[in-house]
Amino acid sequence: MSEDNGSQDREGEAPSGIGQREVLLTVGGVAAAVAAGAAAWGVLEIFVSQGHAVGSGLNVTYLEVVTVLGTLVCVLGVILCIRTARTRFDAAGTPRNDVNIGVARVPALVFARLVALLALIVLPATAVFLANYHTFEGVHEVRGCASCHVMLPMVNDMMDPGSETLAALHYKNRWIADDPCYHCHSDYGLGGNLEAKMTGFRHLARYTTRTYQEPIQARVKFDNNNCLHCHEKAPKWVAVESHTEALQDLIANKTTCVECHGDPHPTAEQRTPGSSDYPRLMERMK
């Protein structure tokens with residue numbers, strides 16, 4: 001008799017482990033999160049291609065959109081983490097109650113696991129994605145460089161009409177129409193674009209962790225080909241005999257453009273705290 005009762009009890013127990021339906025729902029949730037991330041990336045790229053403006057009548061930049069989305073994701077992640085921490089998964093699997101998620105009804109245990117997936121994996125990954133998108137796209141803009149105070153000397157000097165550095169000459173003569181910092185400091189092609197963005201990310205990490213010293217120094221040698229890309233075929237440039245004579249050395253970076261054309265930015269002495277030029281160069285960009 002006891003054996004029969006034991007057999008009946010075992011038959012009445014809920015199946016243990018994760019069923020096929022739960023696996024499919026989990027995979028579907030991950031796929032939906034990836035699709036949503038891809039859609040968000042595409043929308044943000046559209047904002048960028050439209051001059052960093054959201055719509056024609058809204059005075060909102062895509063950076064502000066990313067900031068709002070990132071804040072919402074972080075807040076939602078915290079709420080779901082608290083909910084997950086208070087969930088007893090063993091108890092959730094006991095009563096076979098279904099939870100309505102709008103498009104379907106799922107078991108309570110499956111729902112709890114999906115919430116945990118969102119709280120611990122999907123939303124943190126989304127927050128990291130938005131933060132890095134903000135960083136990688138922000139390096140295109142001059143104000144992105146100026147957001148770190150150690151870069152203010154370069155930015156302020158570039159925007160100074162009285163300065164004769166190469167950056168200032170290019171800026172005031174509008175030789176580079178948009179994003180002058182990025183255009184001069186990024187190599188061309190996909191590799192150069194990625195390298196420039198990773199360099200900007202490294203700069204942000206060094207600035208955030210305060211692992212830098214003033215005046216800051218460039219770690220890499222400037223590539224003359226960034227200059228030659230615009231100047232090499234220009235009639236005014238070709239008309240200078242010394243340019244054509246030194247062309248091969250310039251291409252090979254055996255000699256540099258700044259050897260003849262002066263400093264691209266304020267000197268290290270000018271950017272050193274305590275120098276007479278330091279207060280002027282460190283004024284917050286307006």
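1. Secondary structure. In this predicted model, the protein contains 16 helices and two strands. Several of these helices return in the points below, together with particular residues that they hold.

2. Burial and surface. The protein has 286 residues, and buried residues make up 29% of them. Its accessible surface comes to about 18,400 Å². Carbon and sulfur atoms account for 61% of that surface.

3. Contacts along the chain. Among the contacts in the protein with a separation of 6 or more, 63% join residues that lie 24 or more positions apart. Point 7 describes one pair of residues that are 61 residues apart along the chain.

4. The largest nonpolar core. This core has 10 residues in all. They are Val 142, Cys 145, Ala 146, Leu 152, Val 155, Met 158, Ala 167, Cys 181, Tyr 278 and Met 282. Two elements each give two or more residues to this core: helix 6 (142-146) and helix 7 (152-158). Another core, of eight residues, lies apart from it. Val 73, Ala 119, Leu 123 and Leu 130 are among the residues of that other core.

5. Thr 84. This residue is found in helix 3. Is Thr 84 buried or exposed? Its relative accessible area is 12%, and Thr 84 therefore counts as buried, since the cut-off for buried is under 20%. When its neighbours within four places in sequence are left aside, Thr 84 is in contact with Phe 89, Val 115, Ala 116 and Ala 119. Of these, Ala 119 also appears in the core of eight residues described in point 4.

6. Leu 69 and the nonpolar patch. Leu 69 is found in helix 3, which covers residues 62-85. Why does Leu 69 count as partly exposed? Its relative accessible area is 37%, and partly exposed is the class between buried, under 20%, and exposed, over 50%. Together with Val 68 and Leu 72, Leu 69 makes a nonpolar surface patch of about 270 Å².

7. Ala 131 and Gly 70. Ala 131 has its place in helix 5, which covers residues 108-138. With a relative accessibility of 43%, Ala 131 counts as partly exposed. What distance separates the C-alpha atoms of Ala 131 and Gly 70? The separation is 7.1 Å, although the two residues are 61 residues apart along the chain.

Technical notes: Residues are numbered from 1 along each chain as its sequence is written. This is a predicted model: local features need pLDDT of at least 70, side-chain atom pairs count only at pLDDT 80 or more; totals for chains, interfaces and linings use all residues. Side-chain values use heavy atoms; hydrogens and water are left out. A nonpolar core is a set of buried Ala, Val, Leu, Ile, Met, Phe, Trp, Tyr and Cys residues joined through side-chain atoms within 4.5 Å. Buried means under 20% relative accessible area, exposed over 50%, partly exposed in between (1.4 Å probe, protein chains only). Helices (H or I, at least four residues) and strands (E, at least two) are DSSP runs, numbered from the N terminus. Contact means heavy atoms within 4.5 Å. Accessible areas come from the Shrake-Rupley method with a 1.4 Å probe; for residues, only the protein chains shown count as cover. Patches are made of residues with over 30% relative accessible area and no salt bridge: like charges are joined within 9 Å, nonpolar side chains (Val, Leu, Ile, Met, Phe, Trp, Tyr) within 5 Å. A salt bridge is a side-chain nitrogen of Lys or Arg within 4 Å of a carboxyl oxygen of Asp or Glu.
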